[in-house]
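Me: Here is a model I have been browsing. Please pick out one part of it and take me through its surroundings at a friendly pace, residue by residue where that helps.

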Amino acid sequence: MTGINYSEKIPNNVNLAEDRTLQRALEQWQPNFLGWWGDMGPEGSHQYDVYLRTATSVDPQGWAQFGHVKMPDYRWGIFLNPKEEGRKIHFGDHAGEDAWQDVPGEHRANLRRIIVTQGDTEPASVEQQRHLGLTAPSMYDLRNLFQVNVEEGRHLWAMVYLLHKYFGRDGREEADALLQRNSGDADNPRILGAFNERTPDWLSFYMFTYFTDRDGKFQLSALAESGFDPLARTTKFMLTEEAHHMFVGESGVSRVIQRTCEVMNQLKTDDPAKIRAAGVVDLPTLQRYLNFHYSVTIDLFGADESSNAATFYTSGLKGRYEEGKRTDDHRLKSETYKVLEVRDGQLAEKDVPMLNGLNEVLRDDYIKDSMAGVGRWNKVIEKAGIPFRLTVPHKAFNRQIGTLAGVRVSPEGRVVSQAEWDAKKDQWLATPDDRAFVASLMGRVVEPGKFANWIAPPVMGINRQPVDFEYVRFG
Ligand SMILES: [Fe+2]
Ligand SMILES: [Fe+2]
């Protein structure tokens with residue numbers, strides 16, 4: 001593994017110095033990126049020294065170097081996992097052929113679309129989270145927010161590198177457009193729905209990093225199987241960073257639950273009004289937040305039947321989650337898969353060709369993975385002796401994409417009338433009142449070792465530092 005020359009403007013392990021044209025193109029894009037970071041990145045943070053993890057290479061020694069750094073000076077680098085000699089495409093019509101080191105002409109438009117769609121989510125989440133630093137519940141959490149933000153910035157770099165290196169002029173135009181679209185912008189929004197939602201409070205942030213960054217894990221895992229080798233190697237390295245984002249979400253929600261349960265036991269009550277009056281988030285409100293973030297996120301996997309999904313797979317561009325561990329023929333031409341539809345007023349399964357159902361396959365893999373963490377949250381509640389359990393809503397609940405879009409379904413999976421939906425939706429999804437209450441809890445707590453009342457401290461600090469370490473120096 002070659003080390004990174006930090007005297008270069010753009011740290012990388014892709015021999016950037018040997019490709020002058022590419023280097024110049026990226027050096028022209030870099031000030032636009034920094035301008036975007038200044039305008040749309042974490043608000044008011046530019047002078048802070050933040051204890052951040054920086055990748056200086058992709059090996060175990062180099063990928064997580066910790067130290068205090070001002071975020072605008074963060075070294076957003078370009079890193080690909082090492083090349084596997086002789087790697088073959090292992091699914092679709094090209095299975096058995098050598099993996100592509102360049103973009104095959106016939107797949108160029110689809111590959112560009114896949115990379116742009118992934119790339120668009122990265123800066124979107126930074127934009128969605130840009131005000132959160134003003135209401136951080138602790139210095140530890142503030143640092144975690146910034147870590148997630150700089151790494152999403154690096155993921156943008158990863159996709160921009162592919163666009164510049166392999167897609168010529170249209171790639172450069174797409175790279176510029178990634179900085180021009182903005183989350184929630186009425187005229188020029190981000191590509192995918194969930195990335196135009198607001199992340200207005202820290203409970204939303206933890207839910208987002210648990211559920212929506214996990215969508216990232218599954219998309220990146222599917223792209224890590226790609227026959228286009230540079231994409232596979234790039235996304236493999238991105239996955240190592242993604243794990244921390246999901247940790248921030250899982251542990252964040254868990255700490256909120258823990259604190260709520262402590263207060264419930266102190267007050268010996270499960271009355272949401274009393275629990276709220278004590279300044280913590282009641283469990284039914286948590287459930288409604290969960291229902292919202294979960295349902296919005298599973299829409300990101302796309303329509304349940306999709307000819308694009310079939311094309312991406314058959315042409316070797318995007319595999320399944322853990323494609324290599326599956327024992328079928330990796331062509332799937334004669335396989336079927338079950339998707340949902342409404343029949344006689346009820347949800348019913350139907351078989352579709354698996355190739356067309358691959359979005360649903362990935363969504364179901366995602367659902368299994370996200371349920372595991374919800375089970376761990378329930379353990380916290382159980383340990384506190386409280387007879388309440390969080391549940392994951394039915395996958396047909398509150399969907400906006402695919403066959404189930406607009407069908408009214410309860411969290412248990414019962415098709416309901418519009419009238420019943422209207423009467424009950426405030427029990428099922430976070431309401432303006434819930435959001436106003438959660439917002440009322442948000443206040444900046446940033447003395448080392450201090451935590452807002454509504455959240456428990458973490459079990460340990462970052463990189464074996466103590467919990468009360470000075471993770472952010474305000475200067
Ligand atoms: Fe990312
Ligand atoms: Fe992420």
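Reply: Threonine 135 is partly exposed in this predicted model, because 18 other C-beta atoms lie within 10 Å of its own, short of the 20 that would make a residue buried. You will find threonine 135 in the loop between H2 and H3. Leaving aside residues up to four places away in sequence, threonine 135 touches Trp202, Met442, Gly443 and Arg444. Valine 446 is 311 residues away from threonine 135 in sequence, yet their C-alpha atoms are 9.2 Å apart in space.

From that loop, let us move on to helix H4, which has H2 and H3 among its covering elements. H4 runs over residues 168-180, 13 residues in total. From its first C-alpha to its last, H4 reaches 19 Å, close to the 18 Å expected at 1.5 Å a residue. Which residues of H4 are buried? They are Gly171, Glu174, Ala175 and Leu178. These residues lie on the same side of H4, because they cover an arc of only 105 degrees around the axis. Turn to the other side of H4 and you meet Arg169, Glu173 and Gln180, which are exposed. The cover over the buried residues of H4 includes helix H1 (20-40), helix H2 (108-128) and helix H3 (139-166).

Two of these partners deserve a closer look. Take H2: its axis and that of H4 are 9 Å apart, and the two helices pack at an angle of about 25 degrees. The angle is under 35 degrees, so H2 is roughly parallel to H4. The crossing in which H2 passes H4 is right-handed. On the H2 side, the residues that meet H4 are Arg112, Val116, Gly119, Asp120 and Pro123; on the H4 side, they are Asp170, Glu174, Leu178 and Leu179. Glu174 and Leu178 are thus buried residues of H4 that also meet H2.

H1 is the other partner to inspect. The axes of H1 and H4 cross at roughly 10 degrees and come within 10 Å, and that angle makes H1 roughly parallel to H4. H1 contributes Ala25, Trp29, Asn32, Phe33 and Trp36 to this contact, while H4 contributes Arg172, Ala175 and Leu179. Leu179 of H4 takes part in the contact with H1 and also in the one with H2.

H2 has a further role as a packing partner, this time for helix H9. H9 covers residues 307-314, and its buried residues are Ala309, Ala310, Phe312 and Tyr313. They fall within an arc of 165 degrees when seen down the axis, so they line one face of H9. Packed against these buried residues are H2 and helix H10 (358-383). After H9 comes glycine 316, with a positive phi near 85 degrees.

Follow the chain onward, and the loop between H9 and strand E3 (336-343) holds histidine 330. Its phi is near 60 degrees, a positive value in a residue other than glycine. Histidine 330 counts as partly exposed, because 18 other C-beta atoms lie within 10 Å.

Methods:
Residues numbered from 1 in each chain as written. Chains lettered and ligands numbered in written order. Predicted model: local features only at pLDDT ≥ 70, side-chain atom pairs only at ≥ 80, totals over all residues. Helix = DSSP H or I, 4+ residues; strand = E, 2+ residues; numbered from the N terminus. Expected span 1.5 Å × (residues − 1). Buried ≥ 20, exposed ≤ 12 C-beta atoms within 10 Å, placed from the backbone. Arc of directions from axis to C-beta. Contact = placed C-beta atoms within 7 Å. Axes fitted to C-alpha atoms, helices over the stretch in contact; angles between N-to-C directions. Parallel < 35°, antiparallel > 145°, perpendicular 65-115°, else oblique. Left-handed = near helix turned anticlockwise from the far one by under 90°.
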